Amino acid sequence: MNRLQGDGFNENFKVEGKKIHALDIDKEYAPSEVKILNFYRFEGESDPADNAILYALETNDGIRGLLSDAYGPYADTHVTKFITEVEDIM
């Protein structure tokens with residue numbers, strides 16, 4: 001996360017309903033307004049609860065930020081649905 005933040009991914013995103021909310025600038029984006037530039041999976045050694053995924057996102061107006069979620073059975077269904085609706089994956 002520190003490296004990504006150093007590369008300009010400074011916004012914190014949260015899925016709310018069918019959009020993501022940029023918390024720091026208080027703006028919402030639909031899946032069609034977002035690109036997934038990269039993602040990173042982190043896995044615990046034995047506990048599925050230790051699995052996570054971090055998305056590096058960019059919006060259509062140039063805002064870059066991060067969205068995190070659990071990975072696997074503990075994933076937030078709203079985040080999963082939003083990410084699957086994003087069509088632009090780099």
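Buried means under 20% relative accessible area and exposed means over 50%, with partly exposed in between (1.4 Å probe, protein chains only). This is a predicted model, where local features need pLDDT of at least 70, side-chain atom pairs count only at pLDDT 80 or more, and totals for chains, interfaces and linings use all residues. Residues are numbered from 1 along each chain as its sequence is written, and side-chain values use heavy atoms, leaving out hydrogens and water.

**The sheet**
- Seven strands (DSSP runs of E, at least two residues, numbered from the N terminus) make an open, mixed sheet in the order β3-β2-β1-β6-β5-β4-β7.
- β3 (27–29) and β7 (88–89) sit at the edges with a single partner strand each, so one side of each has no neighbour in the sheet.
- β4 (residues 34–42) and β5 (residues 52–59) pair (DSSP finds at least two bridges) in the antiparallel sense over eight bridges.
- K35 has E58 in β5 as its bridge partner.

**Helix α2**
- α2 (residues 77–85; helices are DSSP runs of H or I, at least four residues) lies across β1 (11–16), β2 (19–22), β3, β4, β5 and β6 (64–70).
- α2 runs at about 130° to β6 (axes are lines fitted to C-alpha atoms, for helices over the stretch in contact, with angles from 0 to 180 degrees between N-to-C directions; contact means heavy atoms within 4.5 Å).
- V79, F82 and I83 of α2 are buried.
- They cover an arc of only 95° around the axis (taken from the directions from the helix axis to the C-beta atoms), which puts them on the same side of α2.
- The buried residues of α2 pack against β1, β2, β3, β4, β5 and β6.
- T77 and T84, on the other side of α2, are exposed.
- D76 caps the N-terminal end of α2, with a side-chain oxygen 2.7 Å from the backbone nitrogen of H78.

Technical notes:
A polar contact is a pair of N or O atoms within 3.5 Å; within protein, one must be able to donate a hydrogen and the other to accept it, and residues adjacent in sequence count only if both atoms are side-chain atoms.
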